[in-house]
Every structure is written in C-alpha cells, then in structure tokens.
Amino acid sequence: MIKVEGLTRAYGSFIAVDHISFECRQGRVTGFLGPNGAGKTTTMRVMVGLTPPTAGDVTIGGLHYADIPNPGRHVGVLLDASAQHEGRTGREVLEIGARTMGLPSSRIDEMLDLVSLDAREAKRRVRNYSLGMRQRLGIAHALLGDPSVLILDEPANGLDPAGIRWMRGLLKGYADRGGTVFLSSHLLHEVEQIADEMILIGNGKIVARGTRDELLRGATGGATTTLVTSLDNDHLAGALEEKGHEVHPAGGGLRVTAEPVEVGRVAAEKQIVLTDLRAGHEGGLEELFLELTADTQREHDVVPTGEPSA
Ligand SMILES: Nc1ncnc2c1ncn2[C@@H]1O[C@H](COP(=O)(O)OP(=O)(O)O)[C@@H](O)[C@H]1O
Ligand SMILES: [Mg+2]
C-alpha cells in the first residue's frame, strides 16, 4: 500500500505539488490523471525518493522508499522510459537490474517474453528502440524483481492500441493477484479503462477522486439519464412519460431521466423493440476532466460537449 500524506513540493516560490493526500490500495489499480504540468511526475519522484518533499510524507508498506531493503524486490518503478542508457542493449539493461537484485538470469528471458521483446530486439541498443519498445522494456524492468507495488509514470505513452490493451490486461492481472498499481496519464481514455480508482490532479491539487462511476455521478449532479432508441420512439416516449420520467428527443432517439434498466422494463412492458440502450453520461467523464483542469490549460480549445443535438 502507498500512503501519501500532506505532500507538498515547491520549486522556489512555485508550488508544483500542493498538500495532497491519498492512498493506493492493494489489489487495485489507481490512476493518477492530470494534464501536463499538473504535478504527477513530481509526486512519483517523491514516492521513490528521487525528489525530497518540501512538506508531508510518502510511505510504501509503512516505509520510506529509501529504507526498503532491496527495493526492486518490493517496488517496481518506471518513471522515464527514455532514461535508460542509450548505448546498452535491452537485455543488458535487464541483466544489470537482475544482478543488482540478485535474480537468476532466467528471470530476464521470462520478462522479455512477458513484454514481447524478441531475442533480436533484446540485442539492439536502446537508442534504436521506438518509444513503445522503451516502455515495454521499462515495464519488464519494473517487474523484474516480482514486486508487490508498481509505480508507473505514463506507461501507455508511445504504445499502440494493441500495446495499450496488452498493458491493461497485464496490470489488471497483476492487481487481481494482490498487487498495488499506481499509474499516471494525461489521457483520460488510457486510465479510465485500467484504473479501479482515479485521482484527478490539476495545478498540483487533487480536484476529484473516486471510481469511474462515482466520478460520473458527481459529474452529472447525481441524476441518471439514459439514451435509448427504439423502433417506435413516440410510443416509448409516451409510455415513459406516463411513468413520470422526463423525456427529451436526442439524436435519433430519446434522453430519459431514469436508469437504463427502468427504460428497458417500460419498453418490454409495451413490447417495443429497442435498438440502442445505454447510460446517458457517456462523454461525461471527459467533460468533467476538462472542466476540473480547465484553468491549468494554456490553450483553450473549443471542446465538443458530446451532447447529441435534438
Ligand atoms: N526540477 C524542477 N524545477 C522547477 N520546476 C519544476 C521541476 N520539476 C517540475 N517542475 C514544475 O512542476 C510542475 C509539475 O511538473 P510535473 O510533476 O513534471 O508534471 P506532470 O508530470 O503532471 O506533467 C510543472 O510546472 C513543472 O514545470
Ligand atoms: Mg509527467
């Protein structure tokens, strides 16, 4: 378990991380989400003892990182995938790690296999690796010592969609076996599919936290809406209104202030065929993320609201 308590990090008069507190629990993936410059990397650097905090404290399993004996066996870290020595081959990077941690060299092949770097790629120098390959190598390095805690800074950076899916499976499996995962990203869609819990950071402050559903409920002010399309929308709208639900036309269907299950039940009662039924907050998380972090953006783009026009 990772525990962050009142963590502050200032650079001169600039406060990069402003009194943040949270915990990452065992068996869960905790996502750390925020735009560039929000303070994610700084927080992670403090976690692993690379940057001293100005105030506050971070412990992993009750210890400061620097006090953990053979830390690589307990905490796997990927901070900057480009920070590996450019002239070393992928295999050499893992060999050095394995030797430092006192691991058998068979572990290197296991890890190369796990991250799908083949024998030829492992013999190439890191300077010739794509960003995606560097990330895979970095993940292999983080997992080398079979740690129970993983701290990964923007691990999906540079991975293609298949790579992101692979990583999602890997990290979920790792958490299911009892591991603690803390990963950062500046891209919502990367995190929301992997993370059990999300911590949103903007301007060094935590602006929201919770599960995907909890965040969405907050984003929609607690009201549940459903988007539904059927073969007879007029009939369905009438039936829903009869039950006291608010109904508005939306795109080719209806937006209803009710749970999807209730809308489905009414349709079934009236024997109306549904062609689409889904929670109405789709896109809501992205709006929330942009809203919460808006004042940290340097450029203000026009953002589509994701609201289907009537
Ligand atoms: N060594 C440093 N000296 C001065 N400012 C820094 C230093 N490291 C980070 N910062 C500043 O702290 C803020 C947070 O940076 P960082 O933690 O890297 O954000 P993120 O990882 O969320 O993009 C940024 O404004 C950055 O410029
Ligand atoms: Mg960063």
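# Tour: ligand 1 and two sheets

Select ligand 1 and the residues around it: Tyr11, Phe14, Ala16, Pro35, Asn36, Gly37, Ala38, Gly39, Lys40, Thr41 and Thr42. Bear in mind that this is a predicted model.

**Stop 1: the ligand contacts**

Stay on ligand 1 and pick out its polar contacts. Start with Tyr11. A polar atom of the Tyr11 side chain sits 3.5 Å from a nitrogen atom of ligand 1. Go next to Gly37. Here the backbone takes part: one of the polar backbone atoms of Gly37 is 2.6 Å from an oxygen atom of the ligand. Then pick Thr41. An N or O atom in the Thr41 side chain lies 2.7 Å from an oxygen atom of ligand 1.

Turn on the surface. Ligand 1 on its own has 560 Å² of accessible area, and the protein covers 60% of it. Which elements give two or more residues to the shell around ligand 1? They are strand S2 (14–24) and helix H1 (40–47). H1 gives the most, with three residues.

Colour the shell by class. Five of its residues are nonpolar, five are polar and one is charged.

**Stop 2: the six-stranded sheet**

Now select the strands in the order S5-S6-S7-S3-S8-S9. They make an open sheet of six strands with mixed pairing. Where are the edges? Strand S5 (75–78) and strand S9 (205–210) are the edge strands, and each pairs on one side only. Look along the sheet for its twist. From one strand to the next, the twist averages 15°.

Zoom in on strand S6 (149–152) and strand S7 (180–185). Four bridges link S6 and S7 in the parallel sense. Select Val149 to find a matched pair: opposite Val149 stands Thr180 in S7.

Bring back H1, the helix from the ligand shell. H1 packs on this sheet, touching strand S3 (29–33), S6, S7 and strand S8 (197–202). The direction of H1 makes about 150° with that of S7. Add helix H5 (131–143). H5 packs on the sheet as well, touching S5 and S6. Its direction makes about 160° with that of S5.

**Stop 3: the hairpin of S8 and S9**

Move to S8 and S9. How many bridges pair these two strands? There are five, in the antiparallel sense. Select Gly202; its bridge partner in S9 is Lys205. The hairpin has two residues between the strands. Check the backbone of Asn203, which takes a positive phi near 55°.

**Stop 4: the three-stranded sheet**

Last, select S2, S1 and S4. These three strands form an open sheet in the order S2-S1-S4, with antiparallel pairing. S2 and strand S4 (55–60) are the edge strands, each pairing on one side only. In this sheet the twist averages 20° from one strand to the next.

Focus on strand S1 (2–11) and S2. S1 and S2 run antiparallel, joined by seven bridges. Select Lys3 to see one pairing: its bridge partner in S2 is Glu23.

Finish by showing S2 together with ligand 1. S2 is one of the elements that give two or more residues to the ligand shell, and it is also an edge strand of this sheet.

Methods. Residues numbered from 1 in each chain as written. Chains lettered and ligands numbered in written order. Predicted model: local features only at pLDDT ≥ 70, side-chain atom pairs only at ≥ 80, totals over all residues. Heavy atoms only, no water. Near = heavy atom within 4 Å. Polar contact = N/O pair within 3.5 Å; in protein donor to acceptor, adjacent residues only side chain to side chain. Areas by Shrake-Rupley, 256 points an atom, 1.4 Å probe, with all protein chains shown as cover. Nonpolar A, V, L, I, M, F, W, Y, C, P; charged D, E, K, R; others polar. Pairing = 2+ DSSP bridges. Axes fitted to C-alpha atoms, helices over the stretch in contact; angles between N-to-C directions. Contact = heavy atoms within 4.5 Å.
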